Amino acid sequence: MQMAVVAVLGAQWGDEGKGHIVDILAARATTVVRYGGGNNAGHTVVNRHGTFKLHMIPAGIFEPATLNIVGNGTVIDPKDFIAELDGLMQRGIDVSNVRISDRAHVVMPYHVLQDRLDEQLRGDAKIGTTGRGIGPAYADKMSRIGIRMADLTNPNMLRQRLSAVLSIKNRLFTTYYASEPFDLEALYSEYLAYGQRLAAHITDVYPAIQRAISGHEAVLLEGAQGILLDIDHGTYPFVTSSLPGIAGACQGAGIAPNAIDHVMGVFKAYATRVGSGPFPSEVDGVTADALRQMGKPWAEVGTTTGRLRRVGWFDAVAARYAVNLNGIDLLTITKLDVLDELAEIAICVGYRLHGAIIDHPPTQPEDYALVEPIYETMPGWLTPTPDARSWQDLPAAAQAYVQRLAELCEAKVAIISVGPGHEQIIEMIPVL
Ligand code: GDP
Ligand code: IMO
Ligand code: MG
């Protein structure tokens, strides 16, 4: 076992299989830190305990000896968090190893309402959010009117903060949104009760994280969403409101950049996206049907919202952008098996915009929507790969495809995943 700090980032538009990879690597880590996002995330894990859809709880939860920290960079809906804990406990999973940063922000019911009303107001320009209050919760954090998990465990503080926030929010709801005000006493008692229920988990996580780092332990930083949904570097405004990349990992876990040994980018062997926004390599028709795998447990249907995911070919221009912006040195390629039945596979290797070749995503979504993908094609392997456990087990055409992705991304392949199961990986480089 190597002791290292490894950040596991979603490197496309989310749903790359981060949960699956963290579940596997967590057995070798003392600590897993989920550093950003909220219950907009849906991480499916398939292991000896069954199939789990995690939203907030790190995928290291199945390892009783691993500390699972929900970092300061996340936004937490306590009601859903408690439901997730209860669901795990009912299935016999020990959750006593879950810690919640007391600096993480709380997603309040007014955030959820605001998210949904804002989407309605956007009309045709809607983002297609998950409706979980994520954008408004992060906005309030930045506006310094957020409620933090620490506040839920302190009655006086909670009442004081909530009262101040509601004086602003209720003005907004009753005038701008023409809706009902929120009742201070009702919210106060409900959220105080959540705080009491979660009290054993809420703590200052700084000492635990620093102890793991200074002790040179194996630490995983678990990403949520994907780099192309980043508030700064994604396809703004069709993005989420957090920092899914490496900067978000440092900030949202409280870890210095030079404490991180490897930045692992998790990519699907093709591409998917949920919600609105540009997606140059998107496909439809029979190719989309083949990639979407309807009816299979891993079909491209959103874990959190049940929406059909848009599907397309691997976009190497977007991938290299993600690699460069985040210092990705290791690649994980998931869902290679999904391509098993395709006779020909395309890769988007360039963008053409207004007749000129560009080598990175344009700033404006209106321009990005006009980008014409330049494709190169490779032969498929037409051979099942779910049982492959070593590089040699892969058909030559599959090897060539993976090699081409690595070459285009200019990074090394550490893991190839060929199925959702805990054993279904080919480990090229042992990272922990
Ligand atoms: P995450 O949000 O990045 O954790 O990814 P999701 O869990 O939302 O979506 C990934 C889906 O693909 C889940 O249903 C996983 O069980 C499944 N999955 C992960 N890796 C593989 C793989 O290599 N092959 C197949 N067929 N399914 C996979
Ligand atoms: P995981 O962690 C895929 C997308 C939404 C929408 C946009 C903004 O499972 O990879 P939000 O509710 O965050 O304000 O929505 O971001 N989105 C995701 N897409 N996977 C996710 O998480 C996502 N989290 C948010 O669909 O387009
Ligand atoms: Mg997901």
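This report describes the fold, the nonpolar cores and several individual residues of a predicted protein model.

Because the model is predicted, local features are taken only where pLDDT is at least 70 and side-chain atom pairs only at pLDDT 80 or more, whereas totals for chains, interfaces and linings use all residues. Residues are numbered from 1 along each chain as its sequence is written, chains are lettered from A and ligands numbered from 1 in the order in which they are written, and side-chain values use heavy atoms, with hydrogens and water left out.

## Overall fold

The secondary structure comes to 13 helices and 20 strands, where helices (H or I, at least four residues) and strands (E, at least two) are DSSP runs numbered from the N terminus. The radius of gyration, taken over C-alpha atoms, is compared here with a globule rule of 2.2 Å times the number of residues to the power 0.38. The protein has a value of 21 Å, close to the 22 Å that the rule gives for 432 residues, so it is as compact as a globular protein of that length. Along its principal axes, the C-alpha trace spans about 65 × 50 × 40 Å.

Buried residues make up 58% of the 432 residues; buried means under 20% relative accessible area, exposed over 50%, and partly exposed in between, with a 1.4 Å probe and protein chains only. The accessible surface comes to about 17300 Å², of which 53% belongs to carbon and sulfur atoms, with areas from the Shrake-Rupley method and a 1.4 Å probe, and for residues only the protein chains shown count as cover. Contact means heavy atoms within 4.5 Å, and among contacts between residues at least 6 apart in sequence, 75% join residues at least 24 apart.

## Nonpolar cores

A nonpolar core is a set of buried Ala, Val, Leu, Ile, Met, Phe, Trp, Tyr and Cys residues joined through side-chain atoms within 4.5 Å. The largest such core has 63 residues, and L221, L336 and Y401 are those with the most contacts inside it. Helix α13 (residues 396-409) gives the most to this core, with seven residues. Apart from this core lies another, of 60 residues, among them V6, A29, I76 and V165.

Leaving aside neighbours within four places in sequence, L336 is in contact with A269, W381, T385, L394, A398, Y401, V402, I416, S417 and V418.

## Selected residues and helix α4

H20 lies in helix α1 (residues 18-25) and, at 8% relative accessibility, counts as buried. Its C-alpha atom is 5.1 Å from that of V45, although H20 and V45 are 25 residues apart in sequence. Beyond four places in sequence, H20 is in contact with T44, V45, S417, G419, P420, G421, Q424 and I425.

V219, in strand β10, is also buried, at 2% relative accessibility. V219 touches A4, V5, V6, T31, V33 and A212, not counting residues up to four places away in sequence. The C-alpha atoms of V219 and P109, which are 110 residues apart along the chain, are separated by 33 Å.

R122 lies in helix α3 (residues 109-122) and is partly exposed, with a relative accessible area of 33%. Again leaving aside neighbours within four places in sequence, R122 is in contact with I127 and T129.

In helix α4 (residues 134-142), the buried residues are I134, P136, A137, Y138 and D140. What covers these buried residues includes β6 (75-76), α3 and α6 (155-174).

## Backbone geometry

Most residues other than glycine have a negative phi, and most peptide bonds are trans. The table lists three residues with a positive phi.

| Residue | Phi | Place |
|---|---|---|
| R144 | near 65 degrees | follows α4 |
| H216 | about 55 degrees | loop between α8 (206-214) and β10 |
| E410 | near 55 degrees | loop between α13 and β19 (412-417) |

H216 counts as exposed at 60% relative accessibility, and E410 likewise counts as exposed, at 60%. The peptide bond from Y236 to P237 is cis, with omega near 5 degrees, and P237 lies in the loop between β10 (219-222) and α9 (246-253).
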